[in-house]
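Here are my notes on this structure, as numbered points. Please keep the 3D view open and follow along.

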Amino acid sequence: MTANKKEAIILAIDVGKNSLQLDSDGKTYFEKSKFCASMILKRKIFAESKDYLALILFGSSQTNNHLASQGCYYNNIEIVTSLGVVTWDLIKHINSLSPSDITRSDWLNTLVLAADMLKKETQDKIFKDLQIVMFTNLATDISFDKIDIIASCIQTQCINLTIIGKDCEDILLNPVLETFIMKTEATAVNFDSVLPKISHYKQKEVTPRAWNVPLSFGNVFNIKVTGYKKIDETTKSFKWLLCRNYDTPDSITAMNKHTTCSYVENGEQIEVDREDIIDGFRFGDTIIPVSDLDIEAYSYKSGPRSLQVLGFTKAKDIHRSFLMDGGSYIFKPHKDDIVEFSAIFEAMVKREELMILRKVYFNDCMPTICAMFPQREDDENYFVCVNLPYAEEEHLFKLPSLESFKPNYEEKNAVRNLLDAMDLDKDGNELCMPENTHDPELQYMYNCIAQKAINPNKLLTKTIPEYIHSLLSPPKNIMEEAKQPIDKIIKLFSLQQEIHEKSPMEDNNTLKFNCGAEVENSKQCIITAFSPVEDFNKLLENGFNSAIVCGKMKNITLDLIESSTSMEDLEKPTSNLKALKEFYIHDNDVKSYNNFMYLVKDSVLLSGKEEMWSQFIDSGIGLITNQEVEISDITQEVSEDFMKHEVLENVAEFIIDDDDPLKEFL
């Protein structure tokens, strides 16, 4: 954000006795003012804003301002901070505020003081906007003798005045306040209108970067277009400053990041120059080196960046399920090719067709296949580009037919009533629109960061804020309207959990969707990393499908093995395997267990835990042999070979930093 894009904002908060009045929801104006002011400052910090803010308290027990010497008009007004960049200390100060016992909160003289403060502190500086935001219920009776002078001063300085606490309908009941609002061209809103808009944190705003590329129609002609990223995945990375844990806030120094590479030979660690390191792939226990010439030879060359039209197809041929994630682009015409762009656009709209494209974003990067849709908004024509999947990325399912179920009129009507009750489009409701739906994970992370910044020595609270809960739950008014249709559906439809007998097919076969209840059964089948064996046994006792339960147990076991760093971490996967072994022996399905054990061995070895394998086997797990179960085809000799693992000596050991590009090959 450049200097001329900064804003100068003064927050003025009423902390007097009048601020203790209760609002319609039972909370005081003082509590709501503190929350709003604190959220405004937090949003500025997380958005990396360069705006200048100041804080004034009126109705305060202290007087601290540059106009106090002019008489009693400016008593009980305290300037906490002058204009400056927002800091966490200022937020801490707002959170620590308490109301005073001062009855008179002169908000009008506070406005005069704030306007004079803006005039003096912004002199010889360039700001995009000047704002005064006052948190008050306007309950104090004050004199409006100089209202014309005050209004003229505010308009001359081009100050935008916002009063939060009373809405326009309440102000219209007081002719004097109405005149003041009209003359100062101020905006008056209540807390119910403001809170939903400032209860969510914002990320840093980034100016979209244009992607200039020709839209090529074979070797016939090109149309110059400009692309912009319209939808993208949320970025959850931050530019953290690495510091030592004993640094104080006043002496934080960045740590120098130094990565060394070494290998061990004859018990001696030998450091290697980074220039002598090459890339490589791990195949089992063998590291296959890859030179720069090899990389150049096998790298795919897609050519220069391009947007090549492969053809056109009817819009109905591209199902919604084909649209891939990874974001979308919008493309607008270059000023020199508007006529050609408009001709193709109108033809596609008239024929209800779309383009199929080959997109190469960077030179020689992997190409993607895209669909380009014509879109018209606010009398502006542009194309929307979305990625399409390849054949290998499509998953096919054999889903059950619903033709055998014929709902009667009463059942159909009950479902219609539920849809009507939960319709988000009625009454202009914009809930769940992308521009109004915030990422709950990101919001929760911001909330945690704010907690630690304000109270660094306190543990994070486990309570999730209400505004984050609201992102994950239906609105209360919609659920109230839907209660009767839901009760009707429960009464009409027999929604009971159905327990299925174990399928005779083996675990490693593809799981088919035999019925809708089977899918629900899988969702309810949960095994946690905290107590996997207990969860496993409990699910089997409750009659869950053993194939699903064993599949969940296998997945959690492999995850625990891959995340382990010591033999202590392998205690849980060992217990899991013992429980699985006992179940499969009892179930006469030793083949499924033995097949899984080969995956376990690969997981241990390929995750770089070769030295743990022998100790892991000594824990009492291994293949089920024909000496334990007669139907097993594993002999004792095969089992012993399975347990063996030759550790290669004098193999170079590299210490690789997490950010090193070499890590993706190893």
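1. Start at strand 13. There, Gln308 is the bridge partner of Ser216. This pairing belongs to strand 7 and strand 13 (residues 306–314), which run in the parallel sense and share 2 bridges. Keep in mind that the model is predicted.

2. Stay with strand 7, which spans residues 211–217. Is this strand mostly covered or mostly open? It is mostly covered, since 5 of its 7 residues are buried. Here, buried means under 20% relative accessible area.

3. Strand 7 also pairs with strand 8 (residues 221–231). The two run antiparallel and are joined by 7 bridges. Look for Trp211, which stands opposite Gly227 in strand 8. Together, strand 7 and strand 8 make a hairpin, with 3 residues between them. In that turn, Gly218 has a positive phi of about 60°. As background, strands of a sheet pair through backbone hydrogen bonds, in either a parallel or an antiparallel way.

4. Now find a second hairpin. Strand 11 (residues 279–283) and strand 12 (residues 286–290) are antiparallel and joined by 5 bridges. Arg282 faces Ile287 of strand 12 as its opposite number. How many residues lie between these strands? There are 2, and Gly284 takes a positive phi near 65° in this hairpin.

5. Next comes an open sheet of 6 strands. Its order is 3-2-1-4-5-6, and the pairing is mixed. Which strands stand at the edges? Strand 3 (77–85) and strand 6 (187–189) do. Each has a single partner strand, so one side of each is left without a neighbour in the sheet. On average, neighbouring strands here are turned by 15° against each other, direction ignored.

6. Look at one edge of that sheet. Strand 5 (residues 159–164) runs parallel to strand 6, and 3 bridges join them. One pair to pick out is Ile163 with Ala188, its bridge partner in strand 6.

7. A helix lies across part of these strands. Helix 1 (residues 29–46) crosses strand 1 (7–14), strand 2 (52–58) and strand 4 (129–135). The helix runs at about 160° to strand 1.

8. Move on to two helices. The axes of helix 15 (residues 532–541) and helix 17 (residues 571–586) come within 9 Å and cross at roughly 25°. That makes helix 15 roughly parallel to helix 17, because angles under 35 degrees count as roughly parallel.

9. Which residues meet there? From helix 15 come Pro532, Val533, Phe536 and Leu540. From helix 17 come Lys572, Ser575, Asn576, Ala579, Leu580 and Phe583. The residues of this contact divide into 7 nonpolar, 2 polar and 1 charged.

10. Helix 17 also holds Lys578. Is Lys578 buried or partly exposed? Its relative accessible area is 42%, so Lys578 is partly exposed. Leaving aside neighbours within four places in sequence, Lys578 is in contact with Ser619 and Ile621. The C-alpha atoms of Lys578 and Gly620 are 8.0 Å apart, though 42 residues separate the two along the chain.

11. Finally, step back to the whole protein chain. It has 20 helices and 17 strands. Of its 666 residues, 38% count as buried. The chain exposes about 41600 Å², and carbon and sulfur atoms supply 52% of that. Among contacts with a separation of 6 or more, 72% come from residues 24 or more positions apart.

Terms used. Residues are numbered from 1 along each chain as its sequence is written. This is a predicted model: local features need pLDDT of at least 70, side-chain atom pairs count only at pLDDT 80 or more; totals for chains, interfaces and linings use all residues. Side-chain values use heavy atoms; hydrogens and water are left out. Axes are lines fitted to C-alpha atoms, for helices over the stretch in contact, and angles run from 0 to 180 degrees between N-to-C directions. Helices (H or I, at least four residues) and strands (E, at least two) are DSSP runs, numbered from the N terminus. Angles under 35 degrees count as roughly parallel, over 145 as roughly antiparallel, 65 to 115 as roughly perpendicular and the rest as oblique. Contact means heavy atoms within 4.5 Å. Ala, Val, Leu, Ile, Met, Phe, Trp, Tyr, Cys and Pro count as nonpolar, Asp, Glu, Lys and Arg as charged, and the others, Gly among them, as polar. Buried means under 20% relative accessible area, exposed over 50%, partly exposed in between (1.4 Å probe, protein chains only). Accessible areas come from the Shrake-Rupley method with a 1.4 Å probe; for residues, only the protein chains shown count as cover. Two strands pair if DSSP finds at least two bridges between them.
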